[in-house]
Amino acid sequence: KDIQYIFSMYYNKLEVARFDSNVGKYVGYTEFGVKQANYWNSNPSEISGRKAQRETYCLHNVGNWYPNM
């Protein structure tokens, strides 16, 4: 299944960092976001928890959102 889970963090309408399930890690878009992404990526439980969100939230609800798939 081609389901992508994206978790974005914003500050002042600017995207600071994002977790992308296709990449499998956090990516920072500002200087602060890069520092935070490095910190989160160094924590294996944070990464595995975000990867599990794709399974629990996205794949569980895809049948409700797109019943003809």
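Good morning. I begin with the aromatic residues: Tyr-5, Phe-19, Tyr-26 and Trp-40 form a cluster, joined by ring pairs. Please bear in mind that this is a predicted model. The number of aromatic pairs comes to three.

Let me take one of these pairs in detail. In general, two aromatic rings are described by how far apart their centres are and by the angle of their planes. For Tyr-26 and Trp-40, the ring centres are 4.8 Å apart and the planes stand at 45°; the pair is therefore tilted, since stacked requires under 30 degrees and edge-to-face over 60. Which elements does this pair tie together? Tyr-26 belongs to strand E3, residues 25-28, and Trp-40 to helix H1, residues 31-41, so the contact ties together parts 14 residues apart in sequence. Tyr-26 and Trp-40 are both buried.

A further ring contact involves a charge. Arg-50 places its charged end over the ring of Phe-7, at 3.7 Å from the ring centre.

I turn now to the backbone. Most residues other than glycine have a negative phi. Where, then, do we find Asn-12, with its positive phi near 55°? Asn-12 lies in the loop between strand E1, residues 6-11, and strand E2, residues 14-20. Its relative accessible area is 68%, so Asn-12 counts as exposed. Lys-13 is likewise found in the loop between E1 and E2. The phi of Lys-13 is positive, about 65°, although this residue is not a glycine. With a relative accessible area of 85%, Lys-13 is exposed.

To close, I return to the contrast in burial: Tyr-26 and Trp-40 are buried, whereas Asn-12 is exposed, as is Lys-13. Thank you.

Conventions:
Residues are numbered from 1 along each chain as its sequence is written. This is a predicted model: local features need pLDDT of at least 70, side-chain atom pairs count only at pLDDT 80 or more; totals for chains, interfaces and linings use all residues. Side-chain values use heavy atoms; hydrogens and water are left out. Rings of Phe, Tyr and Trp (its six-membered ring) pair if their centres lie within 6.5 Å; planes under 30 degrees apart count as stacked, over 60 as edge-to-face and the rest as tilted. Helices (H or I, at least four residues) and strands (E, at least two) are DSSP runs, numbered from the N terminus. Buried means under 20% relative accessible area, exposed over 50%, partly exposed in between (1.4 Å probe, protein chains only). A charge sits over a ring if NZ of Lys or CZ of Arg is within 6 Å of the ring centre and within 35 degrees of the ring normal.
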